[in-house]
Each structure stands twice: as structure tokens, then as C-alpha cells.
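Here is a friendly walk through a two-chain model. Have the coordinates open in your viewer as you read along.

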Amino acid sequence: MRWFWIDTFVAFESGKRASAVKNVTLAEEYLHDHFPGFPVLPPPLMIEGMAQTAGILVGEARGFRDNVILAKVKSAQFDDYAGPGDQVRYDAVLETLDERAAVTRGTVYKNGQPIGRVELIFSNLPPADNALGLPAKNFVFTEPLMTLFRGVGSVAATGGIPGDEC
Amino acid sequence: MAPSRDEVFKQVQEVLSDALGVDTDEVTLEATLQGDLGAESIDFLDIVFRLEKAFSIKIPKGELFPDGLLSNPDYVAGDRLTAAGLAELKASMPHADFAKFEAEPLVSKMPDLFTVNTIINYVESKVAAAPA
């Protein structure tokens, strides 16, 4: 993963649910263009934040054996903006998982208030099925991410998701 | 007690409506999943997952939507299935109506076999075979 849209996990329950947060800051360059004078986190990037949260939940559930690919954004609805100073939290629940694919359902929060819902479908691609021969950097579970993930292992061990609304 | 065909139909309507984002009244018996309801390949997995939950059944890989057939050179010749390919497809999809397709088994027409009725037939057979 070359561009992280989550800062850290705050809860992780293997095979069930995960919760990650992102603190939005005006230091992020894209906010100055989206929009000039009205900086807000673009909803597609909130979808990506949810996809990273949920994708790692899916990958971890299968021991990171497969490449997990976002196959479809089934639905995404947002009711509010998030901007500099806000904390965005992504709560993802693993609805279904098998060796082929996974479906996740998630809620996006701004400072603890729900502002969006995102449903995603992921495809599990065994490395042997990488027919295109794409390099590892095209996939999420690279060593830098694993390092970050191990760094929050103590949080993961706590389990439970604040609010439990999703 | 096994659900009636009408009950299965109503539940399949709900499943397809949720999975494909279409209105339930668009989910008619004759509607094709791809042509009429806009399903993409990844949606088939979502449909399988939802059917498993809705009817408490297990759908093995390739049973509802056969896969791998087109990669077998014995089963495809040019733009259509061979006699062996058609026989294999019919054997693997006893729940589908082949009346139109077998007259001209074009590969491009295969998606038309996947109708709402096909799914209802399949679910009925699975529910009937499931232990009480």
C-alpha cells in the first residue's frame, strides 16, 4: 500500500470486526484543492479508508495468505463532511468470508457521530493466481504495512469496538 | 416445512434487490441477471452469499454458476459450445431452461441462462435436499 488513509487501528477482533481512525489535518496537501477555502476529506478517500480497514480485516482473517482486492463498492452514502481537526473512524464488520471473496459492512464516524455507510466486496486472490504477474507493491499486504500492523498489536489485543454501532 | 415456490420467489426478489440495487418489481421470473438486472461477475459471489444466508443452504463453488467450462478446449469451438460442452453445461445446470440456448449455443448467450427462474429452481432443489 503506497498511500495510507488510516492512521492506526483502535480495535481489532479477528474475523469479525475492526476499527481504525484517521486524524484529518490541514497539512495534507489535497485538502487545499478540495476545496479552496472549504477543505473537506473527499468521500472517495473515506471509501478508501474503509477499504483499507476492511481489507486488512479480511486479509488477517485468512492469515494474509491471499492478496485481497477491492472488487466492488456496493454502496456508499455520506451525510456530512469531515475536515481539518476532525477524527474519522472506520468501523468495519465482516459479513461473509470464504476462500473466494468477502463482504464487509461499515460505518464512518466523525468525532464519534455516524456520517456514512459503506458496503464493500473483496476478492481473495491467491498469489499463485496472479496471472498478470503484478509486483507485490501493487497489493496491500506488503512488509511496510505488516510492520505498522504489528506496531499496534497491543491495541488489537484489546478487542471490542467503541460504540459498537455498526 | 419447505417454503412454497412463491415464498422462494419473494425471498429471491429480496436477495437480488439487495445485491444488485434494483427494485423488487424488476426482479421478474424471466429477468436475466446480467442483461436485465445489471449483475457483474463479482455480484454472483455476493448473490451466492446472500442466498446461503437467506435459505440456510450451502452453495458449493461452481454449482449455481458453473465456472471453468469455457477454458476447456473440448467444450468450445469458435463462438459457440461444442456438443460435449453443451452436454456438460446442461448436466451442471439442471436448474436452467435450455430451450432457447441449445438451438444456437453461442458463448455470448450463456449469460441469458442465468435468470431469476434459474435461481428459484436451484434454491428449491437445495431446500428440498436439505435435512429437515
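Of the 166 residues in chain A, 47% are buried. This comes from a predicted model, so please read every value below as computed from predicted coordinates.

Chain A holds 3 helices and 6 strands. If you trace the sequence of chain A, these elements come in the order β-β-α-β-β-β-β-α-α. Among the contacts in chain A with a separation of 6 or more, 70% join residues 24 or more positions apart.

Next, the place where the two chains meet. How many residues does each chain bring to the contact? Chain B contributes 14 residues and chain A contributes 13 residues. Together they bury an area of about 1,100 Å², and 58% of that area comes from carbon and sulfur atoms. On the chain B side, B:Ile42, B:Leu45 and B:Phe49 provide 47% of the area that chain B buries against chain A, which is more than any other three residues provide.

The polar side of the interface can be counted as well. The rule finds 5 salt bridges across the interface of chain B and chain A. One of the salt bridges pairs B:Asp43 with A:Lys72, and their closest N and O atoms lie 2.8 Å apart. There are also 4 residue pairs in polar contact between the chains, counting pairs with both residues at pLDDT 80 or more.

Which elements of chain B supply at least two residues each to the side that touches chain A? They are helix 1 (5–20) and helix 2 (41–55). Helix 2 of chain B gives the most to this side, with 8 residues. Sorted by class, the side of chain B that touches chain A splits as follows.

| Class, side of chain B touching chain A | Residues |
|---|---|
| Nonpolar | 7 residues |
| Polar | no residues |
| Charged | 7 residues |

Finally, the interior. In soluble globular proteins, nonpolar side chains tend to be buried together. Here the largest nonpolar core has 40 residues, and B:Leu16, B:Leu33 and B:Leu51 are the members that touch the most others. Four helices of chain B each supply at least two residues of this core: helix 1, helix 2, helix 3 (83–92) and helix 4 (116–129). Helix 1 of chain B gives the most to the core, with 7 residues. Helix 1 and helix 2 of chain B thus appear in both pictures, each supplying at least two residues to the side that touches chain A and at least two to the core.

How values were computed:
Residues numbered from 1 in each chain as written. Chains lettered and ligands numbered in written order. Heavy atoms only, no water. Contact = heavy atoms within 4.5 Å. Buried area = accessible area lost by both parts, 1.4 Å probe. Salt bridge = Lys/Arg side-chain N within 4 Å of Asp/Glu carboxyl O. Polar contact = N/O pair within 3.5 Å; in protein donor to acceptor, adjacent residues only side chain to side chain. Nonpolar A, V, L, I, M, F, W, Y, C, P; charged D, E, K, R; others polar. Core = buried A, V, L, I, M, F, W, Y, C linked by side-chain atoms within 4.5 Å. Buried < 20%, exposed > 50% of the residue type's maximum accessible area, 1.4 Å probe, protein only.
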